[in-house]
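Here are some notes to read alongside the structure. They are meant as a friendly first tour for someone who has not met it before.

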Amino acid sequence: MFRFTYLVVVRKEEDVYKAMMEAANYQLECVYKIGVYGTCRQHELWIKGLPWNYRKFREQLNVSDM
């Protein structure tokens, strides 16, 4: 099957764990990384999985407004 890797940037650290739990509900593999680019830090989720599972996951994130 086709498995793709996606990058999701989350605004707050509290929302990272919520997003990781949602990713698990949609059978997606999720890795958390703090991206440091100069003085800027951002919370990154690297997600790997099937495209239709990722689409359902993104729809759920948009509904919950993380």
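1. Let us begin with Glu44, which is a buried residue with a relative accessible area of 1%. This acidic residue has a salt-bridge partner: Lys33, with the closest N and O atoms 3.3 Å apart. Lys33 sits in strand E2 and Glu44 in strand E3, so their pairing ties together parts of the chain that are 11 residues apart in sequence. The two ends differ in their surroundings: Lys33 is partly exposed at 37% relative accessibility, whereas Glu44 is buried.

2. Before going further, a word on confidence. Please keep in mind that this is a predicted model. The average pLDDT of the protein is 89, and 94% of the residues reach at least 70. Which elements have the lowest and the highest mean pLDDT? Helix H2, residues 51-64, has the lowest at 88, and strand E3, residues 40-49, has the highest at 93. Glu44, where we began, belongs to that strand E3.

3. How many salt bridges does the structure hold? There are 3, and the pair of Lys33 and Glu44 is one of them. Another joins the side chains of Glu29 and Arg3, at 2.8 Å from N to O. This pair links distant parts of the chain, with Glu29 in strand E2 and Arg3 in the segment before E1, 26 residues apart. Both partners are partly exposed: Glu29 has a relative accessible area of 46%, and Arg3 has one of 41%.

4. A salt bridge is also found between the side chains of Asp15 and Lys18, at 3.9 Å from N to O. Here the partners are 3 residues apart in helix H1, so about one helical turn separates them. Is Asp15 buried or exposed? Asp15 counts as buried, because its relative accessibility is 7% and the cut-off for buried is under 20%. Lys18, at 45%, counts as partly exposed.

5. Now for the interior. The largest nonpolar core has 13 residues, and those touching the most other members are Val8, Leu45, Ile47, Tyr54 and Phe57. Strand E1 (4-10), helix H1 (13-25), E3 and H2 each give two or more residues to this core. Tyr54 is a good residue to click on: beyond its neighbours within four places in sequence, Tyr54 is in contact with Tyr6, Val8, Leu28 and Ile47. Of these contacts, Val8 and Ile47 are also among the core residues listed above.

6. Turning to the surface, Leu7, Val9, Val31 and Trp46 make a nonpolar patch of about 350 Å². One of its members, Val9, belongs to strand E1. Val9 counts as partly exposed, with 45% relative accessibility.

7. Tyr32, in strand E2, deserves a look for its contacts. What does Tyr32 touch, not counting residues up to four places away in sequence? The list is Glu13, Val16, Met20, His43, Glu44 and Leu45. It includes the buried Glu44 and the core residue Leu45. Tyr32 itself is partly exposed, with a relative accessible area of 25%. Its C-alpha atom is separated by 8.9 Å from that of Ile47, which is 15 residues away along the chain.

8. Phe4 is found in strand E1 and is partly exposed, at 41% relative accessible area. Leaving aside neighbours within four places in sequence, Phe4 is in contact with Ile47, Lys48, Gly49 and Pro51. For a sense of scale, measure from Phe4 to Asp15 in your viewer: the two are 11 residues apart in sequence and 23 Å apart in space, C-alpha to C-alpha.

9. A last point concerns the backbone. Gln27 has a positive phi of about 60°, although it is not a glycine. Where is Gln27 found? Gln27 is in the loop between H1 and strand E2 (29-37). Its relative accessible area is 65%, so Gln27 is exposed, the cut-off for that being over 50%.

Definitions and conventions
Residues numbered from 1 in each chain as written. Predicted model: local features only at pLDDT ≥ 70, side-chain atom pairs only at ≥ 80, totals over all residues. Heavy atoms only, no water. pLDDT = per-residue confidence, 0-100. Helix = DSSP H or I, 4+ residues; strand = E, 2+ residues; numbered from the N terminus. Core = buried A, V, L, I, M, F, W, Y, C linked by side-chain atoms within 4.5 Å. Buried < 20%, exposed > 50% of the residue type's maximum accessible area, 1.4 Å probe, protein only. Contact = heavy atoms within 4.5 Å. Patch = residues over 30% accessible without salt bridge, like charges linked within 9 Å, V, L, I, M, F, W, Y side chains within 5 Å. Areas by Shrake-Rupley, 256 points an atom, 1.4 Å probe, with all protein chains shown as cover. Salt bridge = Lys/Arg side-chain N within 4 Å of Asp/Glu carboxyl O.
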